[in-house]
Amino acid sequence: MTNTRYRYNCILTVLLLAGFIFTSWFSLLIAKQSLFRGIENDALPLTSHLIHTDLQKQLQAPIIISSQMANNTFLHTWLAEPDKKPDVLFQYLRQTRSDFNAVTSFLVTSDDKTYYRYDGKYTTLDTRDEWYQETMDNAAPYTLNVDLDPRDDHQATIFVNHKIMVDKKVKGITGVGIKLDHLKRLIDKYQHTYDRKIYFIDHKGRLLFYNDTTFTHYSLADKFGHHGAKLLDNKTYKLRLEQENTTLFINSRYLEHFGWYLIVEQSLDQDNSVSESLYINLLMGIVITSVILFSAQLTFNHYQKRLEKMATYDKLTSTYNRQAFEPKLQLELQKARNQFSPLVMMMLDIDHFKQVNDRHGHLVGDKVLEHVAHICKTVVGERGTVCRWGGEEFVVLLPKTDLAQGREVGDAIHQELKVSHCEVKVTASIGIAQYHIDESEDGLLKRADAALYQAKSTGRNRSVLAEAA
């Protein structure tokens, strides 16, 4: 490395370091608080809003269905009959469950506490069935409760329990149960994508969903201590807890229609906090670096392009050289195999080129090579690639071209050579082969070369199609 290049790199390094130090110092002053405010005021409330909206969409239908059941004339009439016939009730419950694709439908009579299910079973309510008493004591026309089915991988089912009112008296409770499969997938998405925990809490502080919607018996006090009471007293509540090297953000939202609290929780350790703030540093550093490197590119770009051209193109004909062409050939063969598209290879040899060199000299021979390469590139255009394979031999690769179309390209090259002007009139022999899916690269080259040999052996100045592999 020359002294000038060394000094230039040193100056560039110093400038880069100074820029990054400045941006880091500036950004770290504001990054932490900006990050915290973004999580508290934007990220967590937005997640809460999306979950709430989705939950409303899913539960709106079963709530309406339960309301219709509670006001159904048939149920009112059936409850008023002294001699109740369970069969007609079961038929109604089965039909309701089937019509609305619910997991279950049910009715509980308030006089004898008999629980009727859609499947024809009925039992007397147990004193441990708290949901019934909670529904009776609640001023709202309906309540929701969550239950698990151990027969279905402990999937949670949401029951809508709607009171049947007759003359301002509760004659029974009816409703349906549904599985919130879509809500579970939505919760899983946010938990895994954004590293946030999402769960629900009922009015008594019991956790309904937790840790990927797994039902638990933990209470709010177990998780948040004295903050749990404040959470239940407010429709929206923000909480930030510092736990050793971790900051815990909690956003609570009361879902009035369901009687639940939606909790969105995100933890952030100090390392993550620093990493987030460094994004701003990197952005500003990139801007500064770009300005500096742009000035460097003005110096280096010219030489780099020259080197790339020397490594890729033949200096005399400005076509691909063999070293650069081979990777392109492999790529096009792979595309042809994957897309089941045709591909044609043409091998072209200038007829009696040795005599041109012997009679007119190598300078004229070079002009002939340039002339032939120019005609090939003009005829082929954007359809394919032209490569100087060696000496007076060229290879033309035509993707998405069949054998008939390849023959047309060969004829066009012959015609252009015939009518074009050059210091020495020349012709060319061309071998044309179409690639077969199960054929190797060498196999295609050998068939094209064999067709070229046949063209030269049968009079030259012609195109010959290769035989099938």
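## Close-up views of a predicted model

**View 1. A strand pair within a four-stranded sheet.** Let us start with one pair of residues: leucine 255 has tryptophan 260 as its bridge partner in strand 10. This is a predicted model, in which local features need pLDDT of at least 70 and side-chain atom pairs count only at pLDDT 80 or more, while totals for chains, interfaces and linings use all residues. Residues are numbered from 1 along each chain as its sequence is written, and side-chain values use heavy atoms, with hydrogens and water left out. Helices (H or I, at least four residues) and strands (E, at least two) are DSSP runs, numbered from the N terminus. Strand 9 (residues 246-255) and strand 10 (residues 260-269) run antiparallel and are joined by 10 bridges; two strands pair if DSSP finds at least two bridges between them. They belong to an open sheet of four strands, ordered 7-10-9-8, with antiparallel pairing. Strand 7 (196-202) and strand 8 (236-243) are at the edges with a single partner strand each, so one side of each has no neighbour in the sheet.

**View 2. A five-stranded sheet with mixed pairing.** Here the open sheet has five strands in the order 12-13-11-14-15, and the pairing is mixed. Its edges are strand 12 (385-390) and strand 15 (463-465); each has a single partner strand, so one side of each lacks a neighbour in the sheet. From one strand to the next, the twist averages 20° (axes are lines fitted to C-alpha atoms, for helices over the stretch in contact, and angles run from 0 to 180 degrees between N-to-C directions). Strand 14 (residues 428-434) and strand 15 run parallel, joined by three bridges. Look for isoleucine 430, which is opposite serine 463 in strand 15. Helix 12 packs on this sheet and touches strand 11 (343-350), strand 13 (393-399), strand 14 and strand 15, where contact means heavy atoms within 4.5 Å.

**View 3. The hairpin of strand 12 and strand 13.** Five bridges pair strand 12 with strand 13 in the antiparallel sense. One of the pairs is cysteine 387 with valine 395 in strand 13. Two residues lie between the strands of this hairpin, and glycine 391 takes a positive phi near 60°. Strand 12 is mostly covered, with five of its six residues buried (buried means under 20% relative accessible area, exposed over 50%, partly exposed in between, with a 1.4 Å probe and protein chains only).

**View 4. Helix 11 against helix 12.** The axes of helix 11 (residues 362-380) and helix 12 (residues 403-419) come within 10 Å and cross at roughly 135°. That angle makes helix 11 oblique to helix 12 (under 35 degrees counts as roughly parallel, over 145 as roughly antiparallel, 65 to 115 as roughly perpendicular and the rest as oblique). On the helix 11 side, Val372, Ile375, Cys376, Val379 and Val380 meet Val409, Ala412, Ile413, Glu416 and Leu417 of helix 12.

**View 5. Alanine 311 in helix 8.** You will find alanine 311 in helix 8 (residues 270-312). Alanine 311 counts as partly exposed because its relative accessibility is 45%. Leaving aside residues up to four places away in sequence, alanine 311 touches Asn321 and Ala324. The C-alpha atoms of alanine 311 and asparagine 321 are 8.0 Å apart, with the two residues 10 apart along the chain.
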